[in-house]
Amino acid sequence: MNLEKIYRDAGAYLEGHFLLSSGKHSQFYLQSAKVLEDPKVAEELASRLAEMIKKSGVQVDTVCAPALGGILAGYELARALGVRFIFAERVEKVMTIRRGFEVQKGEKVLMCEDIITTGGSVLEAASQVEKQGGEVVAFAALANRGFCKRVGNENDAKPTCKLPNDVPFFALGDFEFDVYDEENCPLCVDGSKAFKPGSRGN
Ligand code: ZN
């Protein structure tokens, strides 16, 4: 499956000078919402991901996603797996499970994102699931930004990956491109200013 082609065809592989949520700068940005705006594509991607997860034998009771980015992918994945879906959201910067969602003691929860870069947000949501007694059995994303080790790819996790290495991470493919600290960003040196994706109509 050519994930890059799917992103490019959907106009979801943006080129420019971006300020990422991690604070790093990048020439590229993946706008998964553009891929998922076609429910048929979303369904297809989620069912492929579900197949990988089922094949691995990991048992899942519930999919949980951090809002906002993970919701569409997580919901479709839950549908494909035939399980329940809940989400976590930031309330005053703290990842929280609310809206009456509950996790039972011992419930097997798969954490889903659209893209996992270092896994920061999804890990914060996972800790909330664990706080309620849930067991985080796997992580999943449409794409791995190449920092973490995923099932089916031999590349080791980079030191910046925050995901635990004893829990499997499933993704349909990898996107590897450079990110920079502001101090040594070549795009900044060229004189342009990084902007947050979404702040200029994209
Ligand atoms: Zn820059």
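Mentor: Let us begin with a term: a pocket is an open set of grid points with protein on both sides within 12 Å along at least five of seven lines, and its lining residues have an atom within 4 Å of a point. The model before us is predicted.

Trainee: Which residues lie nearest the centre of the largest pocket, and how many line it?

Mentor: The lining has 36 residues, and S21, Y29, G69, E113 and D114 lie nearest the centre. The volume of this pocket is about 1200 Å³. At least two lining residues come from each of β2 (25–30), α2 (32–36), α4 (71–81), β4 (84–91), β6 and α5 (120–131).

Trainee: How do the residues of that lining divide?

Mentor: There are 18 nonpolar, ten polar and eight charged residues in the lining of the largest pocket. The second largest pocket has a volume of about 220 Å³. It is lined by 16 residues, with K149, R150, P164, N165 and V167 closest to its centre. Its lining comprises nine nonpolar, three polar and four charged residues.

Trainee: How many cavities of 30 Å³ or more does the structure hold, and what distinguishes a cavity from a pocket?

Mentor: The structure holds one such cavity. In a cavity, a 1.4 Å probe fits but cannot get out, whereas a pocket is open. The largest cavity contains about 40 Å³ of space. N144, G146, C148, N153, N155, D156, D174 and E176 line it, and they divide into one nonpolar, four polar and three charged. Cys counts as nonpolar by definition, so C148 is the nonpolar member of this lining.

Trainee: C148 interests me further. What makes C148 and C161 a disulfide?

Mentor: Their sulfur atoms are 2.1 Å apart. The cut-off for a disulfide is 2.5 Å, so the pair qualifies. A search of the whole structure finds one disulfide. The link of C148 and C161 is right-handed, with 105° about the S-S bond. Both C148 and C161 lie in the loop between β7 (135–144) and β8 (169–174), so the pair ties together parts that are 13 residues apart in sequence.

Trainee: Why are C148 and C161 called buried?

Mentor: Buried means under 20% relative accessible area. C148 has 4% and therefore counts as buried; C161, at 15%, counts as buried as well.

Trainee: How do you know that C112 is in no disulfide?

Mentor: The nearest cysteine sulfur, that of C64, is 9.7 Å away from that of C112, and a disulfide requires sulfur atoms within 2.5 Å. C112 has 0% relative accessibility and so counts as buried.

Trainee: Let us turn to the metal. Which residues are the protein donors of the zinc ion?

Mentor: H17 (NE2), H25 (ND1), C185 (SG) and C188 (SG) are the donors, lying 2.1 to 2.4 Å from the zinc ion. The cut-off for a donor to this metal is 2.8 Å, so these distances satisfy it. Along the chain, the donors follow the spacing H-x7-H-x159-C-x2-C.

Trainee: Why is the site of the zinc ion called tetrahedral?

Mentor: The angles among its four donor atoms are 96 to 118°. Four donors count as tetrahedral if all angles lie between 85 and 135 degrees, so the site meets the definition. The ideal angle for four tetrahedral donors is 109.5 degrees.

Trainee: Are the donors C185 and C188 buried or exposed?

Mentor: C185 is at 0% relative accessibility and so counts as buried. C188 is at 24%, which means that it counts as partly exposed, the class between under 20% and over 50%.

Trainee: What is notable in the backbone at E92 and K93?

Mentor: Phi of E92 is near 50°, a positive value in a residue other than glycine. K93 also has a positive phi, about 75°, although it is not a glycine. E92 is found in the loop between β4 and β5, as is K93.

Trainee: Why is E92 called exposed?

Mentor: Exposed means over 50% relative accessible area. E92 has 74% and is therefore exposed; K93, at 74%, also counts as exposed.

Trainee: What is the peptide bond from A67 to L68, cis or trans?

Mentor: It is cis, with omega near -5°. L68 lies in the loop between β3 (62–66) and α4.

Terms used
Residues are numbered from 1 along each chain as its sequence is written. This is a predicted model: local features need pLDDT of at least 70, side-chain atom pairs count only at pLDDT 80 or more; totals for chains, interfaces and linings use all residues. Side-chain values use heavy atoms; hydrogens and water are left out. Grid points are joined across faces, edges and corners, and a volume is the space filled by probe spheres set on the points. Donors are N, O and S atoms within 2.8 Å of the metal (3.2 Å for Na, K and Ca); water is not among the atoms, so sites may look incomplete. Four donors count as tetrahedral if all angles lie between 85 and 135 degrees; four count as square planar and six as octahedral if opposite donors are over 155 degrees apart and all others between 65 and 115; anything else is irregular. Buried means under 20% relative accessible area, exposed over 50%, partly exposed in between (1.4 Å probe, protein chains only). Helices (H or I, at least four residues) and strands (E, at least two) are DSSP runs, numbered from the N terminus.
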